[in-house]
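Trainee: Got a minute to go through a structure with me? I'd like to try reading one properly.
Mentor: Sure, let's pull it up.

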Amino acid sequence: MKQRKAFSFTKAAIAALAPPAQGMASYRDTKEDGLSVYITAKGVVTFFVRKRVGGRDERIKIGRFPEVTIEQARKRARVLKGEIAAGQDPTAKNKQLRQELTFGQLFELYMERYSRPRKRSWRSDEREVNQYLAHWLSRRLSLITRNDVAALHERLGRDNGPYQANRVLARISAMFNKAIDWGWQGTNPAHGIPKFPEKSRDRFVRPDELPQLFAAIDAEPNTTARDFIWLSLLTGARKANVLAMRWSEIDWDNRTWHIADTK
C-alpha cells in the first residue's frame, strides 16, 4: 500500500513509516504548513522545513524523531517561518553555529594559550572543567545560556557546597571573558550571577588532635596523596609549588629544596 505524501503528523503515523529501499522519502504535515519529515533507508526520521530563502529552495533541518517531538517540531517550524518572513536567513545562522567554537574547543584554547603558560593552578582548571563541566564540552558557546549557568551554580552549591560552586562559576566566567578577548562575538553567560556568601574559616588543629591527624595521614592508602600532605605540612609551601615540585630542585647533600618560581 502506497504511503500518502501528506498527512497529519502523529507519533503512531510517523513510527509506521516504511523506509525506502534506497535514498530517502519525504512527507508533509497537513497541520503545520511547511513542516516535513524525511526517512532514510536505515529508518532515520528527521523533521525539516522547506522554504524559499533568498531566492533559494532550502531544506532547514530541525532534528530527529523521536528525540524531537511533533509539537516541538511544529513550534520550531513556526519560528523558522517567522524568521524567513521577517527577511532573516536561518540557514546562515545554522552555518555560523556550525563554525562556532564548542565549549570543549574553548577549554583547549584556554588551557593552551592562557592557563598552562600563566597560572600555577592550571591543574585545578583542568580538573574542575572535566569534573563539573564535561556535559558542556560538545555544546556551542552561544547555546550555553545564563539560565544554564545559574542552574549549574545552584546545583553545585546544593550538592558540593558554596565554595566549590563559586570556584566553578568563576572558572566559567574567566573562560568566556577570554573567548570575548579572542574575538568571539557573544556575551558572558556567567556575568551578573551572584556568588554564594562565603564565611571565613579559622579552625586550627589543636595540640591534642595532632596524634590523631598524623595517624590518619599515615593510614592514607593513596601514597601520592599521603606524600603530598606530609610535604605540605612539613615545609609550609604553597599548594601550587608542591604540585609543581621537580627532582632537579632538590639538593640532597644539603637537604634543601630550592623553589625557583614562587610568590
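Trainee: How are H6 and H7 oriented to each other, roughly parallel or roughly antiparallel?
Mentor: Roughly antiparallel. Keep in mind that this is a predicted model. Helix H6 covers residues 146-160 and helix H7 covers 162-181, and they pack at an angle of about 155°. Angles over 145 degrees count as roughly antiparallel, so that is the label for H6 and H7.

Trainee: How far apart are the axes of H6 and H7?
Mentor: Their axes are 7 Å apart. In general, the angle between the axes and the distance between them are what you quote for two packed helices.

Trainee: And which hand is the crossing of H6 and H7?
Mentor: Right-handed.

Trainee: I clicked on Ala150. Where is the place of Ala150?
Mentor: Ala150 sits in helix H6. With a relative accessible area of 28%, Ala150 is partly exposed. Try the distance to Ile193 too: the C-alpha atoms of Ala150 and Ile193 are 6.6 Å from each other, though 43 residues separate the two along the chain.

Trainee: Switching to charges. How many salt bridges does the structure hold?
Mentor: There are 14. The general idea is that side chains of opposite charge can pair when their charged atoms come close.

Trainee: Which residue does Asp148 form a salt bridge with?
Mentor: Arg139, with 2.9 Å between the closest N and O atoms. Asp148 is partly exposed at 24% relative accessibility, and Arg139 is partly exposed too, at 27%.

Trainee: What about Arg158, which side chain does that one meet in a salt bridge?
Mentor: Asp159, at 3.6 Å from N to O. Arg158 has 58% relative accessibility, so it counts as exposed.

Trainee: So how is Arg158 exposed while Arg139 is just partly exposed? What's the cut-off?
Mentor: Exposed means over 50% relative accessible area. Arg158 has 58%, and Arg139 has 27%.

Trainee: Okay, and what does Arg206 pair with in a salt bridge?
Mentor: Glu209, with 3.3 Å from N to O. Arg206 is partly exposed, with a relative accessible area of 42%. There is also a network of salt bridges that share partners, joining Lys119, Asp125, Arg127, Glu128 and Arg171.

Trainee: New topic, greasy stuff. Which residues make the nonpolar surface patch?
Mentor: Val205, Leu210, Phe214, Ile229, Leu233 and Leu234 make a patch of about 520 Å². Two elements give two or more residues to the patch, helix H8 (210-218) and helix H9 (223-235).

Trainee: Which helix gives the most to the patch?
Mentor: H9, with three residues. Ile229 is in H9, and that residue is partly exposed at 34% relative accessible area.

Trainee: Last bit, the backbone. What kind of peptide bond joins Phe65 and Pro66?
Mentor: A cis one, with omega about 10°. Pro66 is in the loop between strand E5 (56-65) and helix H2 (70-85).

Trainee: And what is phi of Arg255?
Mentor: Near 55°, which is a positive value in a residue other than glycine. You'll find Arg255 in the loop between strand E6 (250-251) and strand E7 (256-257).

Trainee: Is Arg255 buried or exposed?
Mentor: Exposed, with a relative accessible area of 78%.

How values were computed: Residues numbered from 1 in each chain as written. Predicted model: local features only at pLDDT ≥ 70, side-chain atom pairs only at ≥ 80, totals over all residues. Heavy atoms only, no water. Patch = residues over 30% accessible without salt bridge, like charges linked within 9 Å, V, L, I, M, F, W, Y side chains within 5 Å. Areas by Shrake-Rupley, 256 points an atom, 1.4 Å probe, with all protein chains shown as cover. Salt bridge = Lys/Arg side-chain N within 4 Å of Asp/Glu carboxyl O. Helix = DSSP H or I, 4+ residues; strand = E, 2+ residues; numbered from the N terminus. Buried < 20%, exposed > 50% of the residue type's maximum accessible area, 1.4 Å probe, protein only. Axes fitted to C-alpha atoms, helices over the stretch in contact; angles between N-to-C directions. Parallel < 35°, antiparallel > 145°, perpendicular 65-115°, else oblique. Left-handed = near helix turned anticlockwise from the far one by under 90°.
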